[in-house]
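This report walks through one protein chain, moving from single residues to pairs of side chains and then to the chain as a whole. Please keep the sequence and the structure at hand while reading.

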Amino acid sequence: MCFIVNQLLFNIEVFVPAFAPWVCGCCGALRPRYKRLVDNIFPEDPEDGLVKANMEKLTFYALSAPEKLDRIGAYLSERLSRDVARHRYGYVCIAMEALDQLLMACHCQSINLFVESFLKMVRKLLESDKPSLQILGTNSFVKFANIEEDTPSYHRSYDFFVSRFSEMCHSSYEDPDIRTKIRMAGIKGLQGVVRKTVNDELQANIWDPQHMDKIVPSLLFNLQKGGGNGPVELTERCFRELLGRAAYGNIKNAVTPVLMHLDNHSLWEGKTFAVRCFKIIMYSIQSQHSHLVIQQLLGHLDANSKNSATVRAGIVEVLLEAAAIAASGSVGPTVLEVFNTLLRQLRLSVDYELTGCYDGSTNIGTKIIKAHEERQLQEAVIRTIGSFANTLPTYQRSEVMLFIMGKIPVPGVHPALSSKDSGPEGTRMIQVMLLKSLVQVTAGFDTTNMLTALPTSFLEPLLSFSLTEDPEIRLLVLQILLSLIDRHDNAPKFLNVSIISDISVLKLKVDKCSRQDNLFMKKHGQQLYRHIYLGCKEESSGQQHYEALFALLGLLSMELANEEVVVDLIRLALALQDLALSTDEALPVFNRCAIHAVAAAYLNLICQLTTVPAFCQHIHEVIELRQKETPYLLPEDVFIENPKYVPITFISREVLFLQSKITEVLGGSGYNTDRLATPYVPQYTDEDRLSKRKSIGETISLQGEVESRNSPEKEEEITFETLKNAIVDSVGMEEQERERRRQVVEKFQKAPFEEIAAHCGARATLLQSKLNQIFEITIRPPPSPSGTISSGYGQTQSRSVPIYEMKFPDLCVY
């Protein structure tokens with residue numbers, strides 16, 4: 001009987017509200033208690049809101065009988081669906097409020113079934129066309145997401161919520177205020193999904209691409225188009241929270257949608273938004289994962305290598321900012337691979353600029369390459385290389401320097417990054433770009449050991465570039481040397497060439513020269529002096545070159561000078577003065593005046609550093625006389641916008657620095673007078689292979705060298721000049737020997753086999769003849785009667801018996 005009455009009442013409920021006054025009390029009493037408790041929380045007028053007293057009774061009942069919780073949820077879901085269908089939105093709000101309170105209060109093992117009813121109701125609201133219901137459902141879901149459940153769930157799915165919340169983030173509702181509210185609700189919903197699922201291993205993996213491809217673009221869309229500070233701040237907070245929860249294996253899935261979104265909406269070209277996105281990423285993820293983002297950006301740069309220069313430049317700018325944020329963690333384990341990718345992009349950009357196409361063909365299709373955009377890209381890549389290098393420790397930066405140096409193309413030696421499509425101009429441009437990269441890498445380089453900072457494998461090819469005819473390349477080499485040698489930030493104080501009466505105003509920092517520095521100068525000092533001399537001698541050198549050369553002289557005096565180095569530098573300055581006076585050199589007037597000015601400025605500096613009064617007096621007297629009679633020989637009149645030099649026809653002895661006088665005054669202070677009295681003469685070797693030569697193969701013929709050695713010697717008169725040359729030749733012998741060995745190796749690598757065989761045979765014959773001569777001279781006959789023979793003139797003559805023909809007694813032979 002009770003069952004029949006219950007069914008009747010249920011049928012009545014379908015058409016009539018439960019609170020209808022005509023329902024008899026006896027029939028209402030037969031309804032299940034949880035239904036009566038649920039019905040009682042709804043007032044007659046929905047505007048009165050939830051009946052709190054009855055809600056407390058319902059909550060107490062749910063806590064006392066947790067097995068009824070799932071039925072309470074199902075019944076509330078049933079009422080809410082009915083109210084939504086009948087547009088009774090007031091009761092819908094009351095039902096959701098009741099569900100929220102039950103969720104907050106109950107954490108029993110039976111809550112999973114209740115949650116299913118709850119999510120069903122939220123889904124019903126989100127599917128509605130009414131913005132208010134969508135926002136109501138989102139707010140309830142966010143409250144649910146903040147609850148930590150005591151029991152796991154094995155079958156719950158949030159795929160619908162990810163899709164629906166992402167759709168709300170892209171809402172295009174007509175009313176802008178409502179549209180903003182819907183989008184903010186969508187952002188909050190996504191934030192709730194992430195919080196609910198990211199740490200629950202039993203849930204579907206929110207980091208899967210199918211979810212990330214919806215969540216991340218939705219956030220970026222609102223970050224870019226957010227209407228006001230509210231949506232933008234909320235989106236950024238949600239994005240940071242998402243990235244902050246990403247583990248090592250999830251970084252790629254989180255960053256890939258960002259790259260795709262920027263590609264699809266052409267946001268690389270503007271740079272600003274792309275940089276902002278990756279700043280958020282780099283600051284949000286764990287620092288040890290930074291290199292993963294860098295690697296993805298580098299891979300994306302390679303993937304877009306045939307895209308427009310503005311797109312590639314945008315990616316490079318993002319890399320620049322990301323590297324600065326990531327600091328030491330930006331490069332990761334593959335240090336050289338990072339720089340290899342950037343250098344490859346430099347080469348491609350140079351090829352694109354010179355050939356005008358992306359694939360080497362003449363038909364460029366619809367893509368028009370703009371040279372100025374490619375140059376902007378090249379500058380961005382160079383800055384990025386420097387930014388990455390600044391994050392590295394000293395030892396790794398040295399490896400990067402060697403790596404880049406090995407990539408610089410040398411005609412006739414190794415093409416490295418050069419391209420046959422771009423021709424000689426492409427090779428030159430790549431040389432310039434890579435040297436600019438080295439300038440960035442060496443900026444701020446700090447080391448205590450010059451032998452490790454400038455190893456032979458790096459210094460020799462670098463100095464060889466200082467002998468090229470290209471003035472831009474020579475200037476870049478000087479800038480690199482200045483960065484590496486300057487360890488106390490003295491270089492900026494030498495950039496302006498001038499006569500300073502008291503150098504204490506410069507506040508120069510000087511340290512005692514270490515043993516490693518002495519070894520470095522003993523090994524490479526002559527190379528540096530020679531290249532300074534030849535750099536001043538170049539006709540294409542301009543004001544910047546002479547300023548850099550003066551700074552290099554000053555830094556050598558401050559950083560690496562001992563007594564022997566000071567003497568050599570003074571000799572070098574006097575040799576520069578002789579160079580400017582020489583009539584054998586076809587130097588322009590500006591170059592001659594500039595060399596005089598550099599020599600005068602440097603001698604003024606070194607005389608105050610040595611603190612020898614007589615030396616300072618001589619230098620100052622000459623400078624004062626020049627200021628009166630020949631101001632065009634001083635830097636103040638040469639290194640200005642409109643130089644005041646005049647054609648040099650004759651220079652009197654009084655305005656010149658005299659080597660004899662300097663030797664005399666410094667000799668009295670304990671300096672090596674013999675060395676000071678010897679004029680400096682640079683040793684011309686084949687190291688300047690890049691200067692006025694096409695390839696290494698045209699340097700020296702080894703066969704010609706052998707023939708010249710085999711030629712009969714001529715008697716040479718011994719004069720003062722020959723003695724002077726003999727003394728000078730002893731300087732730099734080590735460098736000549738090293739160059740000779742390199743030529744021999746190159747000869748055997750490149751010459752035909754027949755030529756090598758003939759050369760070896762000639763040398764073997766020469767060696768045998770020399771040995772026979774030595775044996776004839778040194779071996780004397782044994783003291784025996786057979787050792788004398790009679791000559792044709794009746795005289796006796798000793799006969800030289802070779803040692804291998806001598807007869808020894810048997811007792812002496814073993």
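## A proline inside the fold

Proline 635 is found in helix H29, which covers residues 635–638. The model discussed here is a predicted one, and every statement below should be read with that in mind. Is proline 635 buried or exposed? Its relative accessibility is 1%, and because buried means under 20% relative accessible area, proline 635 counts as buried.

The surroundings of proline 635 can be described through its contacts: leaving aside residues up to four places away in sequence, proline 635 touches Val497, Ser498, Ile499, Ala597 and Ala601. A further spatial relation is the one with isoleucine 595, which is 40 residues away from proline 635 in sequence, while the two C-alpha atoms are 9.3 Å apart in space.

## A threonine in helix H30

Threonine 663 belongs to helix H30, made of residues 659–667. With a relative accessible area of 10%, threonine 663 is buried. When residues up to four places away in sequence are not counted, threonine 663 touches Thr673, Leu676 and Ala677. Along the chain, threonine 663 and isoleucine 570 are 93 residues apart, and in space their C-alpha atoms are separated by 9.9 Å.

## Two loop residues with a positive phi

The backbone angle phi deserves attention at two places. Most residues other than glycine have a negative phi. Serine 266, although it is not a glycine, has a positive phi of about 55°, and serine 266 lies in the loop that runs between helix H13 (251–264) and helix H14 (272–284).

Threonine 611 is likewise not a glycine and has a positive phi of about 55°. Where is threonine 611 placed? Threonine 611 sits in the loop between helix H27 (589–610) and helix H28 (613–629), and at 60% relative accessibility threonine 611 counts as exposed.

## Salt bridges between helices

Side chains of opposite charge can pair when their charged atoms come close. How many salt bridges does a search of the whole structure find? The search finds 22 salt bridges. One salt bridge joins the side chains of aspartate 39 and arginine 79, with a distance of 3.0 Å from N to O. This pair links distant parts of the chain, since aspartate 39 is in helix H3 and arginine 79 is in helix H5 (residues 69–85), 40 residues apart. Aspartate 39 and arginine 79 are both buried.

Another salt bridge is formed by the side chains of glutamate 374 and arginine 312, at 2.7 Å from N to O. Glutamate 374 lies in helix H18 (residues 371–390) and arginine 312 in helix H16 (residues 309–326), so this pair ties together parts that are 62 residues apart in sequence. Glutamate 374 and arginine 312 are both buried. Helices H18 and H16 also hold the partners of a further salt bridge, arginine 383 in helix H18 and glutamate 317 in helix H16, which are 66 residues apart. The side chains of arginine 383 and glutamate 317 meet at 2.6 Å, N to O. In this pair, arginine 383 is partly exposed, with a relative accessible area of 35%, whereas glutamate 317 is buried, with a relative accessible area of 14%.

Salt bridges can also be joined to one another, as they are in a network that links Glu379, Glu425, Arg428, Lys436, Asp470 and Glu472.

## A negative patch on the surface

Glu44, Asp45, Glu47 and Asp48 form a negative surface patch. One of these residues, glutamate 44, lies in the loop between helix H3 (33–40) and helix H4 (52–64). Glutamate 44 has a relative accessibility of 68%, and because exposed means over 50%, glutamate 44 counts as exposed.

## The chain as a whole

The chain contains 35 helices and 2 strands. Of its 814 residues, 49% are buried, and its accessible surface comes to about 40400 Å², with 53% of that surface belonging to carbon and sulfur atoms.

What share of the contacts with a separation of 6 or more comes from residues 24 or more positions apart? Such residues account for 74% of those contacts in the chain.

Terms used
Residues numbered from 1 in each chain as written. Predicted model: local features only at pLDDT ≥ 70, side-chain atom pairs only at ≥ 80, totals over all residues. Heavy atoms only, no water. Patch = residues over 30% accessible without salt bridge, like charges linked within 9 Å, V, L, I, M, F, W, Y side chains within 5 Å. Areas by Shrake-Rupley, 256 points an atom, 1.4 Å probe, with all protein chains shown as cover. Salt bridge = Lys/Arg side-chain N within 4 Å of Asp/Glu carboxyl O. Lys, Arg positive; Asp, Glu negative; His and termini not counted. Charge placed at Lys NZ, Arg CZ, Asp CG, Glu CD. Helix = DSSP H or I, 4+ residues; strand = E, 2+ residues; numbered from the N terminus. Buried < 20%, exposed > 50% of the residue type's maximum accessible area, 1.4 Å probe, protein only. Contact = heavy atoms within 4.5 Å.
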